[in-house]
Amino acid sequence: WLVIIFIILGLAAFVFEDYFKPKIYEAEGVGIGYNDDITLKVKAYKKKDKTIRVTEIEVKHGDTDEIGGVALQKLVDDVKAKQRFDDIDMVAGATFSSEGFKEALDTAIEDIRDQQ
């Protein structure tokens, strides 16, 4: 009987997995970088207290890979680790890229907040 009960519980977990999984919202934001626009595709979910938790950020940019690309990756890592969107630390030496990232992120996060 125990084996049958564990099998039923395991199957029930697979059935209800999608029911309890949070809904993932997607949004896109664009900011002005050093050489070209910075486009962010952000995936996030909303917690019960209405806070947003970013799970993925995809960056497309026309800035140099050696400076802008490194700075943008650092900003992505910081946002995902700290989950702070209002107080982003700018990267020294890549001010335009940092400001474009912040502008694009603000737009995407605001769009996610407005989604139902």
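# Exercises on a predicted model

The lining of the largest cavity is made up of two nonpolar, no polar and five charged residues. Here Ala, Val, Leu, Ile, Met, Phe, Trp, Tyr, Cys and Pro count as nonpolar, Asp, Glu, Lys and Arg as charged, and the others, Gly among them, as polar.

Before you start: this is a predicted model, in which local features need pLDDT of at least 70, side-chain atom pairs count only at pLDDT 80 or more, and totals for chains, interfaces and linings use all residues. Residues are numbered from 1 along each chain as its sequence is written, and side-chain values use heavy atoms, with hydrogens and water left out.

**Exercise 1. Find which residues line the largest cavity.**

Step 1. A cavity is a set of points on a 1 Å grid over the protein atoms alone where a 1.4 Å probe fits but cannot get out, and lining residues have an atom within 4 Å of a point. Grid points are joined across faces, edges and corners, and the volume is the space filled by probe spheres set on the points.

Step 2. One cavity of 30 Å³ or more is present, and the largest holds about 60 Å³ of space.

Step 3. Its lining consists of Asp78, Val79, Lys82, Arg84, Asp87, Ile88 and Asp89.

**Exercise 2. Work out how strands S1, S2 and S3 pair.**

Step 1. Helices (H or I, at least four residues) and strands (E, at least two) are DSSP runs numbered from the N terminus. Two strands pair if DSSP finds at least two bridges between them.

Step 2. Take S1 (residues 24-32): it pairs with S2 in the antiparallel sense over nine bridges. The two form a hairpin with four residues between them. Glu26 stands opposite Lys43, and Ile32 has Asp37 as its bridge partner.

Step 3. Move on to S2 (residues 37-46) and S3 (residues 52-61), which are also antiparallel, over nine bridges. Ile38 faces His61, while Tyr45 is bridged to Arg53.

**Exercise 3. Decide which side chains of S1 are buried.**

Step 1. Buried means under 20% relative accessible area, exposed over 50%, and partly exposed in between (1.4 Å probe, protein chains only).

Step 2. Tyr25, Ala27, Gly29 and Gly31 point to one face of S1 and are buried. Ile24, Glu26, Glu28, Val30 and Ile32 point to the other face and are not buried.

Step 3. The general rule fits here: in a regular strand the side chains alternate between the two faces of the sheet.

**Exercise 4. Locate two residues with a positive phi and say whether each is buried or exposed.**

Step 1. Most residues other than glycine have a negative phi.

Step 2. Lys50 is not a glycine, yet its phi is positive, about 70°. Lys50 lies in the loop between S2 and S3, and with a relative accessible area of 67% Lys50 is exposed.

Step 3. Gln83, also not a glycine, has a positive phi near 55°. Gln83 sits in the loop between helix H2 (65-82) and H3, and at 15% relative accessibility Gln83 is buried.

**Exercise 5. Check the span of H2 and H3, and find where their buried residues lie.**

Step 1. The expected span of a helix is 1.5 Å times one less than its number of residues.

Step 2. For the 18 residues of H2 this gives 26 Å, and the end C-alpha atoms are 24 Å apart, which agrees. Buried in H2 are Gly68, Gly69, Ala71, Leu72, Leu75, Val76 and Val79. They fall within an arc of 160° (taken from the directions from the helix axis to the C-beta atoms), so they line one face of H2. The face turned away carries the exposed residues Asp65, Glu66, Val70 and Ala81.

Step 3. H3 (residues 95-114) has 20 residues and reaches 29 Å from its first C-alpha to its last, close to the expected 28 Å. Its buried residues are Ser97, Ser98, Gly100, Phe101, Ala104, Leu105, Ala108, Ile109 and Ile112. They cover an arc of only 160° around the axis, which puts them on the same side of H3.

Note on methods:
On a 1 Å grid over the protein atoms alone, a cavity is a set of points where a 1.4 Å probe fits but cannot get out, and a pocket is an open set with protein on both sides within 12 Å along at least five of seven lines; lining residues have an atom within 4 Å of a point.
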